[in-house]
Amino acid sequence: MMLIDSHCHLNYKGLVEDQAEILARARKTGVKGFLNISTRQCEWNEIVATAERESDVWASIGIHPHEADQHSDLGEAALLEAAANPRVIGIGETGLDYYYDHSDRQVQQDLFRVHIGVARETGLPLIVHTRDAEDDTIRIIEEEMGKGAFPALIHCFTASAPFAARMLELGLTISISGIVTFKNAKDLQAIVANLPEDRLLVETDAPFLAPVPHRGKTCEPAFVADTCAFVADLRGTSKEALADRTGTNFFKLFSKASL
Ligand SMILES: [Zn+2]
Ligand SMILES: [Zn+2]
């Protein structure tokens with residue numbers, strides 16, 4: 001079973017204190033790989049170091065839209081240099097978050113485009129976070145795809161069906177978090193049931209968003225098994241088959257990763 005947690009924050013408070021145990025628990029549950037996501041430049045060294053220490057952990061480098069104001073002068077050069085590390089397999093998470101608006105929207109957009117430039121140049125997939133920003137996310141990805149294609153995914157997908165359809169048309173993959181298991185996620189469940197099987201990933205976004213039946217606990221990568229089982233059920237397939245399918249999708253998209 002090729003179960004992969006395609007998005008977790010192993011160096012965040014709540015996981016970093018017990019990182020070795022948390023990884024051991026996940027491996028015992030059948031998780032074969034972990035993509036450890038960065039959100040601020042000051043984390044990059046630590047996140048890459050974890051990936052250098054653990055052969056089944058990879059790193060992404062990037063700036064979360066919440067942190068955009070703090071990195072408004074980050075150019076492509078810093079990202080390109082960090083991306084050259086053999087353990088760095090993705091660019092992000094980046095994108096737009098107009099729900100919290102922790103950073104200026106124009107700064108978020110400018111930094112999103114910087115990340116896109118690096119994804120295009122390196123061929124490393126762009127990991128997109130988007131919340132309450134569907135129109136601008138579509139507009140920027142469309143404009144940038146027009147300048148030259150780049151591999152990308154929407155992480156922790158919670159947007160609308162038309163948004164999903166447009167992203168799929170533009171060639172993106174869609175990653176599903178534990179939110180899909182929530183009782184009030186009926187619309188999301190309906191979309192997930194119908195996504196094409198070759199464009200689907202599963203993730204925890206740990207330490208956030210613990211899926212049912214772990215709600216209220218700190219989310220950890222082992223719980224990707226619960227999300228995988230839930231999504232498999234929605235789609236009328238087995239947990240093992242969905243794990244294998246999403247694992248294959250992961251290695252096809254993140255072609256720099258290997259076990
Ligand atoms: Zn995110
Ligand atoms: Zn995240």
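Donors of a metal ion are taken here as N, O and S atoms within 2.8 Å of the metal. In this predicted model, the zinc ion (ligand 2) has such donors in H7 (NE2), H9 (NE2), E93 (OE) and D205 (OD), which coordinate the ion at 2.1 to 2.4 Å. The angles among the four donor atoms of the zinc ion (ligand 2) run from 86 to 175°, and the site is classed as irregular. Along the chain, the donor residues of the zinc ion (ligand 2) follow the pattern H-x1-H-x83-E-x111-D. Of these donors, E93 belongs to strand β4 (residues 88–97) and D205 to the loop between β8 (200–202) and α8 (224–234), so the pair ties together parts that are 112 residues apart in sequence.

The zinc ion (ligand 1) is coordinated by E93 (OE), H129 (ND1) and H155 (NE2), at 2.0 to 2.1 Å. The spacing of the donors of the zinc ion (ligand 1) in sequence is E-x35-H-x25-H. Here H129 is found in strand β5 (residues 126–131), whereas H155 is in the loop between β6 (152–154) and α6, so this pair ties together parts that are 26 residues apart in sequence. The two sites are linked through E93, which bridges the zinc ion (ligand 1) and the zinc ion (ligand 2). The distance between the zinc ion (ligand 2) and the zinc ion (ligand 1) is 3.5 Å.

The accessibility of several donor residues was then examined. A residue is called buried when its relative accessible area is under 20%. The bridging residue E93 has a relative accessible area of 2% and is therefore buried. Among the other donors of the zinc ion (ligand 2), H7 is buried because its relative accessible area is 1%, and D205 is likewise buried, with a value of 9%. For the zinc ion (ligand 1), H129 has a relative accessibility of 14% and so counts as buried, while H155, with a relative accessible area of 2%, is also buried.

The surroundings of H7 bring in residues of both sites. H7 is located in strand β1 (residues 3–8). When residues up to four places away in sequence are not counted, H7 touches L35, I37, E93, I127, H155, E203, T204, D205 and A206. Among these contacts, E93 and D205 coordinate the zinc ion (ligand 2) together with H7, and H155 is a donor to the zinc ion (ligand 1). H7 and F34 are separated by 27 residues in sequence, yet their C-alpha atoms are 7.1 Å apart in space.

Another buried residue is E43, which has a relative accessibility of 7%. E43 is placed in the loop between β2 (31–36) and α2 (44–53). Apart from residues up to four places away in sequence, E43 touches Y12 and S38.

A helix pair was also examined. Helix α5 (residues 134–147) packs with helix α6 (residues 161–169) at an angle of about 10°, and the axes of the two helices are 11 Å apart. The helices α5 and α6 are therefore roughly parallel to each other, as angles under 35 degrees are counted in this way. In the contact, E134, T137, I138, I141 and E142 of α5 meet F163, R166 and M167 of α6. By character, the residues of this contact comprise four nonpolar, one polar and three charged.

Methods. Residues are numbered from 1 along each chain as its sequence is written. Chains are lettered from A and ligands numbered from 1 in the order in which they are written. This is a predicted model: local features need pLDDT of at least 70, side-chain atom pairs count only at pLDDT 80 or more; totals for chains, interfaces and linings use all residues. Side-chain values use heavy atoms; hydrogens and water are left out. Axes are lines fitted to C-alpha atoms, for helices over the stretch in contact, and angles run from 0 to 180 degrees between N-to-C directions. Helices (H or I, at least four residues) and strands (E, at least two) are DSSP runs, numbered from the N terminus. Angles under 35 degrees count as roughly parallel, over 145 as roughly antiparallel, 65 to 115 as roughly perpendicular and the rest as oblique. Contact means heavy atoms within 4.5 Å. Ala, Val, Leu, Ile, Met, Phe, Trp, Tyr, Cys and Pro count as nonpolar, Asp, Glu, Lys and Arg as charged, and the others, Gly among them, as polar. Buried means under 20% relative accessible area, exposed over 50%, partly exposed in between (1.4 Å probe, protein chains only). Donors are N, O and S atoms within 2.8 Å of the metal (3.2 Å for Na, K and Ca); water is not among the atoms, so sites may look incomplete. Four donors count as tetrahedral if all angles lie between 85 and 135 degrees; four count as square planar and six as octahedral if opposite donors are over 155 degrees apart and all others between 65 and 115; anything else is irregular.
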